[in-house]
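Hi,

Here is the structure I said I would pass on. Have a look at it first, then read my notes below.

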Amino acid sequence: MINPGLLTLLLGLLAGCSGDDDTPKGSYGPSTGWADAQSNGGAASDASEGSAEASGKKSSGGLSGLLGGGDCDDTSLAEAPLDRACITQDLACGQTIDGHTGGGTKQWNGDFYRSKFCTPADSGTYEGFERVYFLPTPAEHEVRVKLDSPCKDLDLFLVTWSSADTCPGMGHAISTCESDITSGGGHVMTQNINNSYSYLVAVEGKRGEAAPFTLTVECEKMVER
Ligand SMILES: [Ca+2]
């Protein structure tokens, strides 16, 4: 006769193992896949996102850890030079990088974002620095970009743009622009149905805020229907 308690324990362990295997890799949400990406580097990662926010300490636990524990006063990344045109560096699927809006370009503003239908009317002046990254992505993939901005309120833009060496201005046609202008960061998502696409990923505060941030890029193969 097997002890019922032991049986329950064994069944629970089995269920736990299979549950891990069944977790969708592409699950996308503040408490699933992104949380895993965030917890990779920090010794303080035990503190949940919720408790970090509840404490009101925006500097704790928000950044990826590459900044040395998420120091909001660390301006070293504001020194990052531009690689070409408005672009600080290239991004790739699966990458997480830290950056700083300070030292970026000032080519885009609220008028630009509104004229390209990135943002609704009266969404901000965006007269300060923006940091821009070039992101080539493969066809038949869903592309998700996440911004963490725990220090100051920065916004995220995803502009479809094919040239790796130039940046659009007011006079250029842009096919699509996605944004997340909510506070505390955000995320944007797009789907490359049949073709590969390149994007410019921009980070900027509504009122010229200079602050560090973390960008995470995930690309997932789309399932044929
Ligand atoms: Ca700007």
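One cut-off before anything else: I call a residue buried if 20 or more other C-beta atoms lie within 10 Å of its own, and exposed if there are 12 or fewer. Cys177 has 22 other C-beta atoms within 10 Å, so it counts as buried. I'll come back to that cysteine further down.

Please keep in mind that this is a predicted model. The mean pLDDT of the protein is 78, with 68% of the residues at 70 or more. The weak part is residues 5–62, where pLDDT stays under 50. For that stretch the model has 46 contacts beyond four places in sequence, and I'd read those with the pLDDT in mind.

Overall layout

The protein has 4 helices and 9 strands. Along the sequence they follow the pattern α-α-α-β-β-α-β-β-β-β-β-β-β. Of its 225 residues, 31% count as buried. If you take contacts between residues at least 6 apart in sequence, 75% of them join residues at least 24 apart.

The five-stranded sheet

One open sheet has 5 strands in the order 1-3-8-5-6, with mixed pairing. Strand 1 (87–90) and strand 6 (177–180) are its edges, each pairing on one side only. From one strand to the next, the twist averages 20°.

Where does the parallel pairing come in? Strand 1 and strand 3 run parallel and are joined by 3 bridges; Gln89 has Tyr133 in strand 3 as its bridge partner.

Strand 5 is a good place to look next, as 6 of its 7 residues are buried. On one pairing, 7 bridges tie strand 5 to strand 8, and the two run antiparallel. Leu156, for instance, has Val203 in strand 8 as its bridge partner. Strand 5 is also joined to strand 6 by 4 bridges, again antiparallel, and there Leu158 is the bridge partner of Glu178.

Back to Cys177

Cys177 lies in strand 6. Which residues does it touch, leaving out those up to four places away in sequence? The set is Lys116, Phe117, Cys118, Phe157, Leu158 and Val159. Cys177 and Leu158 are 19 residues apart in sequence, yet their C-alpha atoms are 5.6 Å apart in space.

The four-stranded sheet

The other open sheet I want to point out has 4 strands in the order 2-9-4-7, with antiparallel pairing. Its edge strands are strand 2 (96–100) and strand 7 (185–192), each of which pairs on one side only. Neighbouring strands here are turned by 20° against each other on average, direction ignored. Strand 4 (residues 141–148) and strand 9 (residues 212–221) run antiparallel and share 8 bridges. Within that pair, Lys146 stands opposite Thr216 in strand 9.

The nonpolar core

In soluble globular proteins, nonpolar side chains tend to be buried together. The largest nonpolar core in this model has 33 residues, and those touching the most other members are Phe157, Val159, Tyr199, Leu200, Val201, Ala202 and Leu215. Helix 4 (110–115), strand 3 (130–137), strand 4, strand 5 (154–160), strand 8 (197–205) and strand 9 each give two or more residues to the core. Strand 8 has the largest share, with 6 residues.

Tyr199 is worth picking out by itself. Not counting residues up to four places away in sequence, it touches Leu135, Thr137, Leu158, Val159, Thr160 and Trp161.

Two backbone oddities

Which residues have a positive phi although they are not glycines? Phe117 is one of them, at about 60°, and Tyr126 is another, at about 50°. Phe117 is found in the loop between helix 4 and strand 3, and Tyr126 is in the loop between helix 4 and strand 3 as well.

Buried or exposed? Phe117 has 12 other C-beta atoms within 10 Å, so it is exposed. Tyr126 counts as buried because it has 26 C-beta neighbours inside 10 Å.

Shout if you want to go through any of this together.

Cheers

Note on methods:
Residues numbered from 1 in each chain as written. Predicted model: local features only at pLDDT ≥ 70, side-chain atom pairs only at ≥ 80, totals over all residues. Pairing = 2+ DSSP bridges. Axes fitted to C-alpha atoms, helices over the stretch in contact; angles between N-to-C directions. Core = buried A, V, L, I, M, F, W, Y, C linked by C-beta atoms within 7 Å. Contact = placed C-beta atoms within 7 Å. pLDDT = per-residue confidence, 0-100.
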